[in-house]
Amino acid sequence: MRLRLGPMKITFCCTDTKAEPWLQGLAAALPGADISVWQPGAPQADYAVVWAPPQQFMDEQPALKALFNIGAGVDALLKLRLPPKALVVRLDDAGMAVQMAEYVCHAVIRHFREFDGYEADTQAGRWGYRKPRLRSDYPIGVMGLGVLGERVAKALALFDFPINGWSRSPKAIDGVRGFAGADQFNDFLAASRVLVNLLPLTPDTTNVINKGTLARLQPGAYVINVARGAHLVDEDLVAAIDSGHVAGATLDVFRTEPLPAGHAFWTHPRITVTPHTSARTLRDESIAQIARKMVALERGEAVAGIVNPARGY
Ligand code: NAP
Ligand code: GLV
């Protein structure tokens, strides 16, 4: 459906993103809008579509009504001084939750069913059975039960794993044993063997997966980090794996991206690395969502996905 509205100015400032298809998509969804790529000295716009913009962009656009982030995580944006009245609007699923669910289920099942071991056997021409593992021995703890974490927890529950979930405020999700707040964090960890991280990166959650956290997980733990690299203390994970307490990890996000050449994660035999690809921004769905929300804001209507900068997500 094409949406119609009066003239509004939209500026596009997304690093590492090809602008042209976004501009075409936004123009098709918002006929009459004046849409252009930001450059220093560009005129003031009403709305911005952004990913990791420079501080200069914010300083030169003081009257923005809203910043639309073309991702779910707003940690890079909230490091900047923002225009005083601008709402920060994150992508609200837009096709990311199902991707995250398939990535995490794949990582859990690959580990639980020992598919790496079977693959090694196959390559060596060995017909080797392994003793079936019990899913009751593999309780999974999902940190963060927001748009992505809830979808992931529900998807994992369909495979009959015991599921624990940890969030800031208490949640009631079918099939998920809920833990909330700092007070219940240690109980959550002690009840979990597989740890899946889907927290936003905030001052409270930076370095949350550290030596102490890993030690509290059940022996033979497995770590899946799909949120942000700065949630994890890299050397603590390597030490916990080398000690045998943690069996391995699947990591999609890193403190420095691309992961630097020579980093221990590249070659560790128990660590699987992917290039920040677990839940990609899908352009068409994102454009449709952003356009709908711009129209709603122009009409004074409420929209989902407004970030609380004080909370950090
Ligand atoms: P969200 O909807 O904002 O949900 C965040 C969840 O974390 C909420 O359940 C929140 O609790 C909980 N939380 C926040 N701070 C907490 C704290 N201090 N202690 C306990 N729980 C806390 O976020 P989302 O859309 O699910 O996305 C999560 C993150 O995934 C993003 O911020 C981004 O960094 C990452 N991400 C990665 C990829 C990728 O490709 N690797 C793609 C998209 C997103 P409440 O429910 O109580 O508020
Ligand atoms: C990707 O990492 C996102 O935050 O959308």
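## Two ligands, a pocket and a cavity

Reader: How does the shell around ligand 1 divide by class?

Author: It has 15 nonpolar, 9 polar and 6 charged residues. The classes are fixed lists: Ala, Val, Leu, Ile, Met, Phe, Trp, Tyr, Cys and Pro are nonpolar, Asp, Glu, Lys and Arg are charged, and the others, Gly among them, are polar.

Reader: What should I know about the model?

Author: The model is predicted: local features need pLDDT of at least 70, side-chain atom pairs count only at pLDDT 80 or more, and totals for chains, interfaces and linings use all residues. Residues are numbered from 1 along each chain as its sequence is written, chains are lettered from A and ligands numbered from 1 in the order in which they are written, and side-chain values use heavy atoms, with hydrogens and water left out.

Reader: What makes a residue count as near ligand 1?

Author: One of its heavy atoms must lie within 4 Å. There are 30 residues around ligand 1, and Arg90, Leu148, Ser169, Lys171 and Tyr313 come nearest.

Reader: Why is the pair between Arg90 and ligand 1 called a polar contact?

Author: A polar contact is a pair of N or O atoms within 3.5 Å; within protein, one must be able to donate a hydrogen and the other to accept it, and residues adjacent in sequence count only if both atoms are side-chain atoms. An N or O atom in the side chain of Arg90 is 2.7 Å from an oxygen atom of ligand 1. That is within 3.5 Å, so the name fits. Tyr313 also brings a polar side-chain atom, 2.5 Å from an oxygen atom of the ligand.

Reader: How much of ligand 1 does the protein bury?

Author: Alone, ligand 1 exposes 940 Å², and the protein buries 92% of that. The areas come from the Shrake-Rupley method with a 1.4 Å probe; for residues, only the protein chains shown count as cover.

Reader: Which element gives the most to the shell around ligand 1?

Author: Helix H6 does, with 3 residues. Helices (H or I, at least four residues) and strands (E, at least two) are DSSP runs, numbered from the N terminus.

Reader: Which residues surround ligand 2?

Author: Trp51, Gly71, Ala72, Gly73, Met96, Arg228 and His276 do. A polar side-chain atom of Arg228 lies 2.8 Å from an oxygen atom of ligand 2. Alone, ligand 2 exposes 200 Å², of which the protein buries 86%.

Reader: What makes a space a cavity and not a pocket?

Author: Both are sets of points on a 1 Å grid over the protein atoms alone. In a cavity, a 1.4 Å probe fits but cannot get out; a pocket is an open set with protein on both sides within 12 Å along at least five of seven lines. Lining residues have an atom within 4 Å of a point. Points are joined across faces, edges and corners, and volume is the space filled by probe spheres set on them.

Reader: How many cavities of 30 Å³ or more are there?

Author: The count is 1. The largest cavity holds about 30 Å³. Val108, His111, Phe112, Tyr138, Val194 and Tyr222 line it. By class, that lining has 5 nonpolar, 1 polar and no charged residues.

Reader: What lies closest to the centre of the second largest pocket?

Author: His111, Asp116, Tyr222, Ala247 and Arg270, out of 22 lining residues. This pocket holds about 390 Å³ of space. Its lining divides into 8 nonpolar, 7 polar and 7 charged residues.
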